[in-house]
Structure formats: C-alpha cells, structure tokens
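Trainee: I have just opened this structure and I feel a little lost in it. Could you pick a single part and take me through it closely?

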Amino acid sequence: MSVVFQEDTSKMTVNQAFEKLTTLGWFKEGGRVEKEIETLMEQFLKQFNIKQYEMKWLHKEELIEVIERFSFQGSDIWNELKEIPDHLKQQISANNDDSYLERLVDILPEAVFHPVFDGAFKQYSEEKTIRFLTGNAMYFALLICIAELASKGDLFQPIFQIIERGHVPVGIEGNMIYLL
C-alpha cells in the first residue's frame, strides 16, 4: 500500500515509515535481551531530559501478569511524555497539514493492525496479551508517523529502531519501563 503524505527526500517520509510499519516482523525478538535496545530507549528518554527511570526486560511468561499492573499514576516519565501528541498536532496544524493528519489517523490503524496482530499471535497465546500488544503497537505506529508528518521524526527514531529490531517498549509502572 502506498500513501504519499509528503515529498521531503532528506529524511524518512511519512510514507516510508508507513510502509515499514506495515511490513515489519513485529515482536519477533520479544523476550530476548539486547543491550542495544536499552541504549536506544535511553536515547529516546534523554531527548526529553528524563533521568529518573529503570528498565526491565520481560520474558514471555511474565507479560500477562505485568501488563495488568501498568499505570501512569505517579510516573515522572509519563508526565514528561504525555503532551507529545498535542505538541505534534500543533506543529501539524501550523504547517497546514491537518488534512494529512486526518487521513493518517483514518488509514494507518487498519493498515498496521494485521501485521501487528499476526506478529503478536505468532509469539503469544494469551488473548489478553495479544490484544494489549496490538493496541500498544498501533499507538506507537501512529506516533511515529505523526511525528514524521510534524517534521519531528527524529523524536521517535529510537523507538522506531527498537520496533524494527523486533522489540517494543510495552509499558510503564511508576518510573519502570518494561521492554519486550
């Protein structure tokens, strides 16, 4: 599926991000610890001057138990990150790209749903886990493309690289970031 949103060839375009996100091997490395993924997560957090955090890798067996505890309550990390979508939307509006945003929000979730669901289904058997991972991944895919549309794609480049490598940040509990 090809959907042209912008023509800037100096960096990844929305269309390129869209295409990659619909063809990735989602979750294929889940449960395997990689130090490089932690480094990418640290790069992401550093952009927002987030210094108080811990990271924990989840194994497949513990995922269902841990996702039930995820909460943004008392999370300094979430307090720093929660405004990002609004800031990106403001930038998109300032660029007069609201119609592109509407189109993106309309078509991306459906386009990425099947690859994400299939990836989760291949790796996990628990229905609740598959639903959670699918929703989580669709949210990240949307944020990545919205950031590209707002000409702020560099913000989510570390997250995009984590996803490309078959991993994903799955949630926050206080100031603990869980990786899969």
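Mentor: Happily; let us look closely at helix 7 and its neighbours, with a short view of the whole chain to get our bearings. Keep in mind that this is a predicted model.

Start with the overall layout. The protein chain has eight helices and three strands. Read from the N terminus, the elements come in the order α-α-β-α-α-α-α-α-α-β-β. The radius of gyration is 16 Å, close to the 16 Å that the globule rule gives for 180 residues, so the chain is as compact as a globular protein of that length. Along the principal axes, its C-alpha atoms fill a box of roughly 45 × 35 × 25 Å. Of the 180 residues, 47% count as buried. The chain exposes about 9,300 Å², and carbon and sulfur atoms supply 48% of that area. Among contacts with a separation of 6 or more, 76% join residues that are 24 or more positions apart.

Now go to helix 7, which covers residues 127-149. One of its partners is helix 6, residues 98-123. The two pack at an angle of about 140°, and their axes are 8 Å apart. Their crossing is right-handed. To find this contact on your screen, look on the helix 6 side for Y100, L101, L104, V105, L108, P109, V112, F113, V116, F117, A120 and F121. They meet I130, L133, T134, A137, M138, A141, L142, C145, I146 and L149 of helix 7. Sorted by class, the residues of this contact are 21 nonpolar, one polar and no charged.

Helix 7 also packs against helix 5, here at an angle of about 35° with the axes 9 Å apart. This crossing is left-handed. Helix 5 brings P85, L88 and I92 to the contact, while helix 7 brings Y139, L143, I146, A147 and L149. Here the classes are eight nonpolar, no polar and no charged residues. Did you spot I146 and L149 again? Both were named in the contact with helix 6, and both are named in the contact with helix 5.

While you are at helix 5, which spans residues 84-94, find H87 within it. H87 has a relative accessibility of 49%, so it counts as partly exposed; the cut-off for exposed is over 50%. Although H87 and A147 are 60 residues apart in sequence, their C-alpha atoms lie 9.6 Å apart in space.

Next, follow the chain through the loop between helix 5 and helix 6, where you will meet N96. Most residues other than glycine have a negative phi. N96 is not a glycine, yet its phi is positive, near 60°. With 67% relative accessibility, N96 counts as exposed.

You can find another positive phi at N49, which is not a glycine either and has a value of about 60°. N49 sits in the loop between helix 2 (35-46) and strand 1 (54-57). Its relative accessibility is 55%, so N49 counts as exposed.

To finish, try one more pair. Q161 belongs to helix 8, residues 157-164. At 29% relative accessibility, Q161 counts as partly exposed. Its C-alpha atom is 9.6 Å from that of M41, with their positions 120 residues apart along the chain.

Technical notes: Residues are numbered from 1 along each chain as its sequence is written. This is a predicted model: local features need pLDDT of at least 70, side-chain atom pairs count only at pLDDT 80 or more; totals for chains, interfaces and linings use all residues. Side-chain values use heavy atoms; hydrogens and water are left out. Axes are lines fitted to C-alpha atoms, for helices over the stretch in contact, and angles run from 0 to 180 degrees between N-to-C directions. Helices (H or I, at least four residues) and strands (E, at least two) are DSSP runs, numbered from the N terminus. A crossing is left-handed if the near helix is turned anticlockwise from the far one by less than a right angle, and right-handed if clockwise. Contact means heavy atoms within 4.5 Å. Ala, Val, Leu, Ile, Met, Phe, Trp, Tyr, Cys and Pro count as nonpolar, Asp, Glu, Lys and Arg as charged, and the others, Gly among them, as polar. The radius of gyration is taken over C-alpha atoms; the globule rule is 2.2 Å times the number of residues to the power 0.38. Buried means under 20% relative accessible area, exposed over 50%, partly exposed in between (1.4 Å probe, protein chains only). Accessible areas come from the Shrake-Rupley method with a 1.4 Å probe; for residues, only the protein chains shown count as cover.
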